[in-house]
Amino acid sequence: MLWGMRPPGTPRQLEARRQRAIALLRAGETYQSVAGTLDASLSSVVRWAQAHRRGGKTALRPRPIPGRPPRLSVSQKARLVQRLVAGPLAAGYS
């Protein structure tokens, strides 16, 4: 796995991966073996275990990814979709 890149999968799938890591640790697996099994970094497995100790299953849930707020309002997005669906001729282009 490349460093700094989020692994592929939906937030739900990634949460299941973190829960599997905890299950493997509880079954007596080492941090290193869990990391190898899940193709995760050792530091991630340690971080998941610490989060689980502090907050239980809730701590393993996905969090919203912060980002820049959208510049278009909901109604502006709806109008844009209508114009895109209508096509370039309806917008005055040849």
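These legends go with a set of close-up views of a predicted model.

**View 1. Helix α1 from end to end.** Helix α1 covers residues 11-26. With 16 residues, α1 reaches 23 Å from its first C-alpha to its last, close to the 22 Å expected at 1.5 Å a residue. After α1 comes glycine 28, and its phi is positive, near 100 degrees.

**View 2. The buried side of the story for α1.** Have a look at which α1 residues are tucked away from solvent: Leu14, Glu15, Arg17, Arg18, Ala21, Ile22, Leu24 and Leu25 are the buried ones. Charged names turn up in that list alongside the leucines, among them Glu15, Arg17 and Arg18. What do these buried residues pack against? Their partners are α2 (31-38) and α3 (42-55). As a reminder when picking out positions on a helix, an α-helix has 3.6 residues a turn, so residues three or four places apart point the same way.

**View 3. Glutamate 15, buried without a salt bridge.** Here's one residue of α1 on its own: glutamate 15 sits in that helix. Glutamate 15 is buried, yet has no salt bridge. The nearest side chain of opposite charge belongs to arginine 61, and it is 4.4 Å away. Because a salt bridge needs the side-chain nitrogen within 4 Å of a carboxyl oxygen, this pair doesn't make the cut. Setting aside neighbours within four places in sequence, glutamate 15 is in contact with Leu60, Arg61 and Pro62.

**View 4. Leucine 38 in α2.** Leucine 38 belongs to helix α2. Is leucine 38 buried or exposed? Its relative accessible area is 11%, so leucine 38 counts as buried. Not counting residues up to four places away in sequence, leucine 38 touches Arg17, Arg20, Ala21 and Trp48. Of these, Arg17 and Ala21 also appear among the buried residues of α1. For a sense of scale, leucine 38 and leucine 89 are 51 residues apart in sequence and 51 Å apart in space, C-alpha to C-alpha.

**View 5. Aspartate 39 in the loop.** Moving on from α2, aspartate 39 is in the loop between α2 and α3. Its phi is near 55 degrees, which is a positive value in a residue other than glycine.

**View 6. A leucine patch at the surface.** Leu72, Leu80 and Leu84 together make a nonpolar surface patch of about 290 Å². One of them, leucine 84, lies in helix α4 (residues 74-86). Leucine 84 has a relative accessible area of 62%, so it counts as exposed. Compare that with leucine 38, buried at 11%.

Key:
Residues numbered from 1 in each chain as written. Predicted model: local features only at pLDDT ≥ 70, side-chain atom pairs only at ≥ 80, totals over all residues. Heavy atoms only, no water. Helix = DSSP H or I, 4+ residues; strand = E, 2+ residues; numbered from the N terminus. Buried < 20%, exposed > 50% of the residue type's maximum accessible area, 1.4 Å probe, protein only. Lys, Arg positive; Asp, Glu negative; His and termini not counted. Contact = heavy atoms within 4.5 Å. Expected span 1.5 Å × (residues − 1). Patch = residues over 30% accessible without salt bridge, like charges linked within 9 Å, V, L, I, M, F, W, Y side chains within 5 Å. Areas by Shrake-Rupley, 256 points an atom, 1.4 Å probe, with all protein chains shown as cover.
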